[in-house]
Amino acid sequence: MVGRDFLGRLSEASSFILQLARGMLESHQFYQTSSFSILTMDKLIVEGGYKLSGSVNISGSKNASLPILAAALLTDEPVRISRVPDVSDTNYMLQILSQLGASVERSSGTVRIESPEGISSSASYEQVRKMRASICLLGPMMARMHRCTLPLPGGCVIGDRPVDLHLRAIKALGAKVRVKGGNMVIEAPDGLVGTTVDMRGDNGPTVLGTDNLMMAAVLAQGTTVIESAAREPEVVDLANFLNKMGARIEGAGSRTITIHGVEKLHGCDHTVIPDRIEAGTFMVAAAMVSDGLTINRVCREHIRSMADLLIECGHTVQFNEDGTSVYVEPGKNPRSGKILTNPYPGYPTDMQAQMTALFAVTPGISVVKDTIFPQRFMHCSELKRMGANIKVDAGTAIITGVEGLSGAPVMASDLRASAALVLAALAAEGTTEIHRLYHIDRGYEMLDEKLLCLGAKVQRVLDLDGGNVD
Ligand code: EPU
């Protein structure tokens with residue numbers, strides 16, 4: 001039998017190794033590939049009921065960074081991208097780029113990428129399986145090399161996540177697609193030729209599909225018109241980046257984007273937009289469990305639907321004059337609300353889980369319907385373990401507010417579901433342990449450090465059994 005002393009020493013030794021590994025990672029200027037298997041073993045212990053106060057700075061957007069990093073493959077000249085959040089998804093992308101043959105340096109939020117002639121047009125399942133957003137390598141690889149081999153992404157916990165629209169778009173530009181051994185093998189030996197493509201699927205326009213088509217079209221012959229384009233700010237940020245590289249893109253942010261193909265792109269410097277979903281998450285934290293929080297480095301236009309909903313639900317939301325900072329305070333008489341997720345400028349699917357946590361402790365009955373990912377309700381069963389009253393049926397959650405939640409061991413299932421659990425834990429009575437913290441680390445930069453600075457009692461510790469319940 002293994003003694004308690006031994007287990008205690010093992011736990012201390014593992015913590016020491018974890019700290020050592022983190023120290024090595026932080027002190028290393030170049031990106032190192034193997035760090036994340038170590039970070040996946042963390043859990044977050046949250047002591048609920050401590051009011052947050054003060055101010056927090058929002059990091060650069062993860063979802064804007066990912067396609068922009070991939071777009072660095074479009075030129076052999078160096079690009080320098082600032083405010084790339086240090087989260088595992090951006091690091092996976094940098095890892096893939098470096099394995100394809102690009103030179104990648106990362107130093108305090110700025111990434112320099114140079115993709116010389118001869119980089120690989122093929123990525124392995126091992127390289128891309130950790131991140132669905134690796135699909136956005138398709139556009140740049142096709143534009144630069146006229147061929148690529150990429151593993152077909154599998155399903156995912158938030159839904160089916162097909163790539164039919166990405167493939168329809170690249171075929172429309174003249175490429176041939178076949179599936180072999182789980183890979184998409186895509187070729188356009190005579191190059192890509194511009195045309196008109198509609199990017200609307202059954203659940204609205206596709207964001208990364210629009211990105212892929214824009215990136216494929218920038219070096220294509222002639223003009224490409226994207227109808228029913230995604231209008232998300234991250235698409236606009238990518239278009240701005242590509243235009244700085246010499247592309248000719250008009251209309252990003254509207255329903256129709258026109259891309260006039262050019263011969264060649266060059267290097268440039270770019271700063272990524274603020275992460276609107278991180279901003280929205282802190283706004284919900286402020287409404288749930290604060291004495292008032294100031295959230296800096298935001299863009300008012302990008303978070304308007306989130307601000308409007310909080311105001312409708314009785315909370316105070318005040319922007320500064322230029323809309324780069326927002327103050328949020330819990331309302332004295334909070335009200336229930338309704339969410340119908342929609343493509344931008346509608347309410348984002350990436351915020352419904354966090355709002356569900358807020359509705360769980362708001363008097364009255366709230367309704368959340370996700371039209372984009374109707375299966376994205378994994379957080380609800382964990383919130384119910386904390387005392388929430390939620391019924392989920394056919395892509396809709398009906399939440400009856402309770403007086404309070406109580407801390408419990410819970411399991412993170414995806415990025416935004418984990419954020420909802422953290423918010424619930426901050427507001428709950430007692431201690432919550434959130435296992436599988438690697439989901440949070442995919443998209444929230446230094447979340448625990450930021451919360452600590454605001455007065456939360458949170459502690460990241462090594463999770464030796466990974467929270468396994470099987
Ligand atoms: N869809 C198709 N066919 C396709 C592509 C998409 O039917 O070929 C469907 C999807 O199943 C979904 C809808 O279209 O029902 C919209 O999906 P979209 O393609 O827009 O999603 P995405 O581009 O893969 C990005 C974000 C997601 C965010 C969605 C929706 C990145 C890296 N990811 O994904 O972010 O939820 O747009 O806004 O930008 C997150 O950050 O937690 C996250 C999941």
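A crossing of two helices is left-handed if the near helix is turned anticlockwise from the far one by less than a right angle, and right-handed if clockwise. The model is predicted: local features need pLDDT of at least 70, side-chain atom pairs count only at pLDDT 80 or more, and totals for chains, interfaces and linings use all residues. Residues are numbered from 1 along each chain as its sequence is written.

Select α12 (352-360) and α14 (415-427). Helices here are DSSP runs (H or I, at least four residues), numbered from the N terminus. The crossing of α12 with α14 is right-handed. Their axes, lines fitted to C-alpha atoms over the stretch in contact, lie 7 Å apart at about 25°. Angles under 35 degrees count as roughly parallel, so α12 and α14 are roughly parallel. Show Ala353, Gln354, Thr356, Ala357 and Ala360 of α12 against a set in α14 including Arg416, Leu423 and Ala424; contact means C-beta atoms, placed from the backbone, within 7 Å.

Next, select α3 (62-71) and α4 (88-100). The axes of α3 and α4 come within 9 Å and cross at roughly 5°, which means that α3 is roughly parallel to α4. Lys62, Ser65, Leu66, Leu69 and Ala70 of α3 meet Asp89, Thr90, Met93, Leu94 and Leu97 of α4.

Finally, select the ligand. It is surrounded by 26 residues, counted when the C-beta atom, placed from the backbone, lies within 6 Å. Asn63, Leu165, Asn203, Thr206 and Leu208 are the closest. α3, α7 (164-172), α8 (207-217) and α14 each supply at least two shell residues.

Terms used:
Axes fitted to C-alpha atoms, helices over the stretch in contact; angles between N-to-C directions. Parallel < 35°, antiparallel > 145°, perpendicular 65-115°, else oblique. Contact = placed C-beta atoms within 7 Å.
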